Amino acid sequence: GVSFLNLKPYFDLLQKANEVFVDAEARMSPHELDGFVAHSLFVRAFSCFLGAARLSCSGQLAETWVLLRACIENGLYAFYIFGNEERTQIWVNRHKNEDDKTKCKRTFQVGKIWPELRGRSRATATEAKRLYDKAIDWGAHPNERSVFPNIAVKQHDAGYALQVVNSDPALIRATIIATITVSSLMFGIFTLVF
């Protein structure tokens, strides 16, 4: 509620992004397995966006970055799978046995997706890599930036306490903007796919 009242223009952008996700999903009608998988990954990206939007507005900033990374990965996987029957089968059969699981892990390393994305759209690939790295730096992997901004000095003793909710308006605003930016990236990636 506080984010809605104090950061209404940003909240309005989150709402617009939500509307674009809903509209895009309603227009998809895949007919092949690769299209169905890519569509499903688009819905997962949308779900991650919704979670990130809620967490960023509530002040759970480090956790927002975990969902933003997952959002980007869903988009990257959809891009990498669409139009490639072999990759689709590898992804679908991941849990058939240990060999298939290993093959899937090798095939779907994010580092293998960047060059292909760059080949389709250098600008999208550059932005995706920048946001992916930023998500990792700010909390998608446990590191100092996911912990230190959430440390507060206790008022009654000399110790430190971790905050689950960060109420710093500048950090909340920056994380909401990052969530909006990742949603825009998703629209760019899915424009390449669909």
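These are my notebook entries on a predicted model of a protein with 194 residues.

**Ground rules**

I number residues from 1 along each chain as its sequence is written. Because the model is predicted, local features need pLDDT of at least 70 and side-chain atom pairs count only at pLDDT 80 or more, while totals for chains, interfaces and linings use all residues; side-chain values use heavy atoms, with hydrogens and water left out.

**Entry: the overall layout**

I began with the secondary structure and found ten helices and two strands. I take helices (H or I, at least four residues) and strands (E, at least two) as DSSP runs, numbered from the N terminus. Reading from the N terminus, I noted the order α-α-α-α-α-α-α-α-α-β-β-α.

I then looked up the extent: the C-alpha atoms fill a box of roughly 60 × 35 × 30 Å along the principal axes. Of the 194 residues, 40% count as buried. For me, buried is under 20% relative accessible area, exposed is over 50%, and partly exposed is in between (1.4 Å probe, protein chains only).

Contacts came next, meaning heavy atoms within 4.5 Å. Among those between residues at least 6 apart in sequence, 68% join residues at least 24 apart.

**Entry: the cysteines**

How many disulfides does the structure hold? I found zero, counting as a disulfide a pair of cysteine sulfur atoms within 2.5 Å. Why is Cys48 not bonded to Cys71? Their sulfurs are 5.8 Å apart, which is too far for a bond, although Cys71 has the closest cysteine sulfur to that of Cys48. Cys104 is in no disulfide either, and its nearest cysteine sulfur, in Cys48, lies 17 Å away.

I checked accessibility for two of these residues. Cys48 is buried at 10% relative accessibility, and Cys104 is buried at 4%.

**Entry: α5 against α6**

Next I turned to helix packing. Two packed helices are described by the angle between their axes and the distance between the axes. I use axes that are lines fitted to C-alpha atoms, for helices over the stretch in contact, with angles from 0 to 180 degrees between N-to-C directions.

The axes of α5 (residues 85-92) and α6 come within 8 Å and cross at roughly 130°. The pair is therefore oblique. My classes are roughly parallel for angles under 35 degrees, roughly antiparallel over 145, roughly perpendicular from 65 to 115, and oblique for the rest.

I noted the crossing of α5 and α6 as left-handed: the near helix is turned anticlockwise from the far one by less than a right angle, whereas clockwise would be right-handed. Arg87, Ile90 and Trp91 of α5 make the contact with Lys103, Cys104 and Thr107 of α6.

**Entry: Thr107**

I stayed with Thr107, which sits in α6 (residues 98-107). Is Thr107 buried or exposed? I have it as buried, at 14% relative accessibility. Beyond its neighbours within four places in sequence, Thr107 contacts Tyr80, Arg87, Ile90 and Lys112.

Its side chain reaches the backbone oxygen of Lys103 at 2.8 Å. I count a polar contact as a pair of N or O atoms within 3.5 Å; within protein, one must be able to donate a hydrogen and the other to accept it, and residues adjacent in sequence count only if both atoms are side-chain atoms.

**Entry: α7 against α8, and Tyr132**

Helices α7 (residues 110-120) and α8 (residues 122-140) pack at about 150°, with axes 6 Å apart. They are therefore roughly antiparallel. On the α7 side I listed Val110, Trp114, Leu117, Arg118 and Arg120; on the α8 side, Arg122, Thr124, Ala125, Ala128, Lys129 and Tyr132.

I followed Tyr132 of α8 further. Its relative accessible area is 8%, so Tyr132 is buried. Leaving out residues up to four places away in sequence, Tyr132 touches Arg69, Ile72, Glu73, Val110 and Trp114. The C-alpha atoms of Tyr132 and Arg120 are 18 Å apart, with their positions twelve residues apart in sequence numbering.

**Entry: Thr181 and Asn18**

Thr181 belongs to α10 (residues 169-193) and is partly exposed at 23% relative accessibility. Its side chain reaches the backbone oxygen of Ile177 at 2.8 Å. Leaving aside neighbours within four places, Thr181 contacts Glu127, Arg130 and Leu131. Thr181 and Leu14 are 167 residues apart in sequence, yet 9.8 Å apart from C-alpha to C-alpha.

I closed with Asn18 of α2 (residues 8-27). Asn18 is buried at 18% relative accessibility. Which residues does Asn18 touch, not counting those up to four places away in sequence? I found Phe46, Phe49 and Leu50.
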